[in-house]
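Colleague: Please take a close look at a single part of this model, the packing of one helix pair and its setting. A connected account would be appreciated.

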Amino acid sequence: MTTPTRPTALVTGASRGIGRGIALALAEAGYDVGVNYASSQQEALEVAKGCRAAGAQAEALPADVGDIPALKGLLAAFLERFGHLDLLVNNAGIGLKVPFLETTEEQYDRVMDVNLRGVFFCTQMAAQAMIARGQGGVIINNTSIHREIQYPNTSVYGPAKAALEKFTRHAALELAPHGIRVNAVAPGATITQEGLDTTPHWRLVRTRIPLGRHGLPEDVAQAVVFLASEQASYITGASLTIDGGAVLPAGLLSPYTPGPEPPPS
Ligand code: NAP
């Protein structure tokens, strides 16, 4: 009897935050995991160690996803290490809070390169590898609720995430004949550093979220595990909002009244 091959996943931006949570959850779910990072090597090595503790094979793989030659190197290194690719999670992303009138070309280009251009070409390279293998695959893009809300000073980040969601549907359409599903997760306010939840900013944020709490990396990670699974085999081109209802209140006419601040936990 041969041991079945474990599915493999490449998670970009997995050294910290939501990507770290996704990598660890995928390892728990039975995947071998490539842990991509840009500069936080020590953190990425720790995440890979955590994946191995869950029974997975795991490797920390450096690459700036905003740099196309580096992306090519990342895919090549992943395939050399793991042999094939079943799941790509385009998680890496950078924010930018700058007034529209002050935004520079350099800032615009960097946000677009990492949040959109890199995802476009990483998806293309991953799909080419999946098609060559002939066993389909899954791609999941991490967008944001900023794809639909207009928060001040995010006039590059928001449009980049909106375009990423649209791209998700285009890729889903063109890759469906190859058995490749492409979906998006759209997180709301998600705490990625311990201790932040007690700051005045996050206490205020919580009062504006209908479900009364901020998001955690695990909330997004479990959605990724589901969308990657056979249970989601008929889902493609979808975007799953994971925000505790943050985008539900409809502005001035909203019946939603923020509740009292919950006691500190
Ligand atoms: P984070 O805590 O700042 O972590 C970002 C991760 O991405 C790190 O692992 C970082 O690697 C990596 N990264 C950054 N630039 C990269 C690049 N050019 N190439 C490769 N990796 C890169 O971010 P996060 O809050 O978890 O956000 C992760 C994703 O979720 C992003 O796409 C973000 O837009 C989205 N999102 C976040 C929230 C939220 O509230 N946190 C809400 C909605 C959507 P290094 O450690 O090496 O720098």
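Modeller: Helices α1 and α7 are oblique to each other, because their axes cross at roughly 50°, and oblique covers angles that are neither under 35 degrees (roughly parallel), nor over 145 (roughly antiparallel), nor 65 to 115 (roughly perpendicular). The axes of α1 (residues 17-28) and α7 (residues 217-228) come within 8 Å; axes are lines fitted to C-alpha atoms, for helices over the stretch in contact, with angles from 0 to 180 degrees between N-to-C directions. Helices are DSSP runs of H or I with at least four residues, strands runs of E with at least two, numbered from the N terminus. The crossing is right-handed, that is, the near helix is turned clockwise from the far one by less than a right angle.

The contact (heavy atoms within 4.5 Å) involves Gly17, Ile18, Gly21, Ile22, Ala25 and Leu26 of α1, and Pro217, Val220, Ala221, Gln222, Val224 and Val225 of α7. Nine of these residues are nonpolar, three polar and none charged; Ala, Val, Leu, Ile, Met, Phe, Trp, Tyr, Cys and Pro count as nonpolar, Asp, Glu, Lys and Arg as charged, and the others, Gly among them, as polar.

The open sheet has seven strands in the order β3-β2-β1-β4-β5-β6-β7, paired in parallel, where pairing requires at least two DSSP bridges. Neighbouring strands are turned by 15° against each other on average, direction ignored. Helix α7 packs on this sheet, touching β4 (87-90), β5 (137-142), β6 (180-187) and β7, and its direction makes about 165° with that of β6.

The model is predicted: local features need pLDDT of at least 70 and side-chain atom pairs 80 or more, while totals for chains, interfaces and linings use all residues. Residues are numbered from 1 along each chain as its sequence is written, and side-chain values use heavy atoms, without hydrogens and water.
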